[in-house]
Amino acid sequence: MRDDVDSVDARLAARLAELRAERGWSLEELAERTGLSRSTLSRTERAETSPTASLLNRLCAVYGRTMSRLLSEVEAEPALLVRAAEQPVWEDRSAGFVRRSVSPPHAGLRGELVEGRLAAGADIAYDRPPVPRLEQHVWVLEGALEITAQDVAHRLATGDCLRMRVWGPTRFRCAGPSAVRYALAVVLP
């Protein structure tokens with residue numbers, strides 16, 4: 001699986017460089033728009049480092065994409081049926097986060113389904129939504145998850161589901177002693 005992840009990182013780096021070039025932005029301009037350092041962006045676009053979930057979220061925000069859509073752009077043509085073994089997996093090892101695109105996003109559809117896994121103690125903060133007014137449904141499959149949105153913390157246990165519109169910063173934190181696994185339904189506005 002490591003070669004597959006490395007290959008996805010390389011294709012993702014190339015796509016991020018393409019998106020910046022399509023807009024005619026310099027690394028300096030992208031750095032100003034995202035609040036990320038120029039060197040971090042450069043290393044990410046050259047696939048010298050694997051991007052974190054937080055970094056990808058900032059890039060998605062300036063490019064007007066969900067993370068799933070961005071990741072789908074580096075995959076082959078989306079299929080109607082995606083077998084579990086073929087579902088793209090992206091990993092932010094430093095944050096203890098694994099993201100599986102269960103249903104591939106498609107330009108003509110507004111919804112997608114994602115499986116998220118956070119290791120014990122993992123805590124990911126997103127400073128903005130990738131797309132304003134994004135609708136999310138988070139269903140905890142195993143473990144405990146704390147989600148903070150609009151300065152309100154919601155603690156979810158196995159089987160609980162939270163529906164929210166994302167307007168500003170959010171935080172996903174593994175709230176239990178062991179890993180948490182959840183389903184995330186994402187619906188574009």
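Two strands are taken to pair if DSSP finds at least two bridges between them. In the predicted model described here, 4 strands form an open sheet on this basis, in the order E4-E9-E6-E7, with antiparallel pairing. The edge strands of this sheet are E4 and strand E7 (152-156), each of which pairs on one side only. From one strand to the next, the twist averages 15 degrees.

Strand E9 (residues 170-174) takes part in two of the pairings within this sheet. E4 and E9 run antiparallel and are joined by 4 bridges; Ala125 has Arg171 as its bridge partner in E9. Strand E6 (residues 145-149) is likewise antiparallel to E9, and 5 bridges join the two. Along this pairing, the bridge partner of Ile147 in E9 is Phe172, and Glu146 stands opposite Arg173. The two faces of E9 are distinct in their covering: Thr170, Phe172 and Cys174 make up the covered face, whereas Arg171 and Arg173 make up the uncovered one.

Phe172, on the covered face of E9, also belongs to the largest nonpolar core. This core holds 46 residues, of which Phe97, Leu118, Leu145 and Phe172 touch the most other members. Its largest share, 7 residues, is contributed by H4. In soluble globular proteins, nonpolar side chains tend to be buried together. When neighbours within four places in sequence are left aside, the contacts of Phe172 are Leu118, Ala122, Asp123, Ile124, Tyr126, Gln136, Val138, Leu145, Glu146, Ile147, Met164 and Tyr182. Two of these contacts, Leu118 and Leu145, are themselves named among the core residues that touch the most other members. The list also includes Ile147, the bridge partner of Phe172, and Glu146, which stands opposite Arg173 in the E6-E9 pairing.

A second open sheet is formed by 6 strands in the order E1-E2-E3-E10-E5-E8, again with antiparallel pairing. Strand E1 (89-92) and strand E8 (161-166) are its edge strands, each pairing on one side only. The twist in this sheet averages 20 degrees from one strand to the next. Strand E5 (residues 134-142) runs antiparallel to E8 and is joined to it by 6 bridges. Within this pairing, Leu134 stands opposite Val166 in E8.

Aromatic contacts were examined next. A pair of aromatic rings is described by the distance of the centres and the angle of the planes. The count comes to 4 aromatic pairs. Trp25 and Tyr63 form a stacked pair, because their ring centres are 5.8 Å apart and their planes meet at 15 degrees, under the limit of 30 degrees for stacking. This pair links distant parts of the chain, with Trp25 in the loop between helix H1 (2-23) and helix H2 (27-34) and Tyr63 in helix H4 (residues 53-63), 38 residues apart. Trp25 and Tyr63 are both buried. Another pair, Trp90 with Phe97, is edge-to-face, with 6.4 Å from centre to centre and 70 degrees between the planes. Trp90 and Phe97 are likewise buried, and Phe97 is one of the core residues that touch the most other members. Tyr126, Phe172 and Tyr182 form one aromatic cluster; Tyr126 and Tyr182 both appear among the contacts of Phe172. The ring of Trp25 has a further partner in Arg23, whose charged end sits over the ring at 5.8 Å from its centre.

Backbone geometry was considered last. Most residues other than glycine have a negative phi, and most peptide bonds are trans. Ala47, although not a glycine, has a positive phi of about 60 degrees. Ala47 lies in the loop between helix H3 (38-45) and H4, and its relative accessibility is 40%, so the residue counts as partly exposed. Arg133, also not a glycine, has a positive phi of about 70 degrees. The position of Arg133 is in the loop between strand E4 (123-126) and E5. With a relative accessibility of 39%, Arg133 therefore counts as partly exposed.

How values were computed. Residues numbered from 1 in each chain as written. Predicted model: local features only at pLDDT ≥ 70, side-chain atom pairs only at ≥ 80, totals over all residues. Heavy atoms only, no water. Phe/Tyr/Trp six-rings, centres within 6.5 Å; stacked < 30°, edge-to-face > 60°. Buried < 20%, exposed > 50% of the residue type's maximum accessible area, 1.4 Å probe, protein only. Lys NZ or Arg CZ within 6 Å of the ring centre and 35° of its normal. Axes fitted to C-alpha atoms, helices over the stretch in contact; angles between N-to-C directions. Core = buried A, V, L, I, M, F, W, Y, C linked by side-chain atoms within 4.5 Å. Contact = heavy atoms within 4.5 Å.
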